Amino acid sequence: MSQERGPRRPRRLEKCALISASATALSLVASGCVVVHGEREVLPSATRAEAAKALERFTTAYNEADKAFDADLDADRTTGALAAIDSARLEAGAANHPDGNPTHTPLELSDARFTIPKKAGWPRWFLADTKANKGGDARWLLVFTRDGLEDTWEAAYLTLVAPGKVPEFKTDADGWAEAVPANATDVSMPPAELSKGYTTYLQDGGKTFADGTHTSSWRALREKRSTRPGLATQYIDEPLTNGDYAPLALRTKDGGALVFFTTRHFEKQTAAQGASVPTPNKDVLALTDGEIKQSLTMEFVSNEVALDPVDGPVSVLGRVQGLTSAKGE
């Protein structure tokens, strides 16, 4: 329905192709200087102290932006799917509450557990698994990425997972995790294909994904909504896989992978002749272009986390979705 776009707030581009693992570390040997390149050296993506500081700075910026309904205040701390969802939420909030968020409650993250892969090349990234004072007892999974040593750590994915559903990860003797390549063939579905596979499943069904809230139950709910008298609802699903929307995967202890990926969804409501589309809430209206006469098309970005086993169907553990735009006709 539309071409794949980058995030609303794209991260800064790298200024050079070759980036050193430690600010272009030089080792003097008898034969001369040897450059250790970060794109070749297998290193932990971050220290545990760096990961903790990145989470702290994200939380501070997120709270400032939420309190003021000002997307500029956390623009350099989010990217990818989370940036698209968060910036639209703040845009709608600012339109309806120009003086700030009247119901702001600071987000508090605790019990942080960091899973940091040891890998070569950029982007470097890591997972923060935390408790929060929002979302009930679900674990908040935040994936932070950066493209170079001079870049800021940015949260690209945020998903909520039920307690006990986060798998154990494969780690080495020093506790560093293993990143699973996007084209890995030793899991049920290569991480690079999960976004397309999921959108195809939502349209056509099948056995590639296990039954659950975000798979069979969501399909059943959409089917029910599409047959309401006087209101036709159509769904279009698209994969998002490039740039800051690229999937990221960690090797689990049993040999599978925990994969974070992004999708885009359109929901078009068209009223029958003589009827009208149900009036959307004020946050939807704030993101709507055009006049709602006969139809309303809403665009959503969704980020998912899934267990991709060595064999068998993929299980979607969590999904956070947000409205990013709408059009009335």
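In the predicted model, the side chain of Thr 263 makes a polar contact with the side chain of Glu 304, at a distance of 2.8 Å. Thr 263 lies in strand S11, which spans residues 257-271, and it counts as buried because its relative accessibility is 0%, where the cut-off for burial is under 20%. When neighbours within four places in sequence are left aside, the residues in contact with Thr 263 are Ser 195, Tyr 198, Thr 199, Glu 238, Leu 240, Phe 300, Val 301, Ser 302 and Glu 304; Glu 304, the partner in the polar contact, is thus listed among these contacts as well.

A second buried element is strand S7, formed by residues 139-146. Eight of the eight residues of this strand are buried, so S7 is largely enclosed by the rest of the structure. In a regular strand the side chains alternate between the two faces of the sheet. In S7, Arg 139, Leu 141, Val 143 and Thr 145 point one way, whereas Trp 140, Leu 142, Phe 144 and Arg 146 point the other way, and all of these residues are buried.

Strand S7 pairs with S6 and with S8. Strand S6, comprising residues 124-132, runs antiparallel to S7 and is joined to it by seven bridges, with Leu 127 having Val 143 of S7 as its bridge partner. The hairpin of S6 and S7 has six residues between the strands, and within this hairpin Gly 135 takes a positive phi near 80°. The pairing of S7 with strand S8, which covers residues 154-161, is likewise antiparallel and extends over seven bridges; here Thr 159 of S8 is the bridge partner of Leu 141. Leu 141 and Val 143, whose bridge partners are thus found in S8 and S6 respectively, belong to the set of S7 residues that point one way from the strand.

At the level of the whole protein chain, five helices and 14 strands are present, and buried residues account for 47% of the 329 residues. Of the contacts between residues at least 6 apart in sequence, 68% join residues that are at least 24 apart. The chain exposes about 16000 Å², of which carbon and sulfur atoms supply 51%. The mean pLDDT of the chain is 90, and 88% of its residues reach 70 or more. Over residues 1-38, however, the pLDDT is below 50, although this stretch has 89 contacts in the model beyond near neighbours in sequence.

How values were computed. Residues numbered from 1 in each chain as written. Heavy atoms only, no water. Buried < 20%, exposed > 50% of the residue type's maximum accessible area, 1.4 Å probe, protein only. Helix = DSSP H or I, 4+ residues; strand = E, 2+ residues; numbered from the N terminus. Pairing = 2+ DSSP bridges. Polar contact = N/O pair within 3.5 Å; in protein donor to acceptor, adjacent residues only side chain to side chain. Contact = heavy atoms within 4.5 Å. Areas by Shrake-Rupley, 256 points an atom, 1.4 Å probe, with all protein chains shown as cover. pLDDT = per-residue confidence, 0-100.
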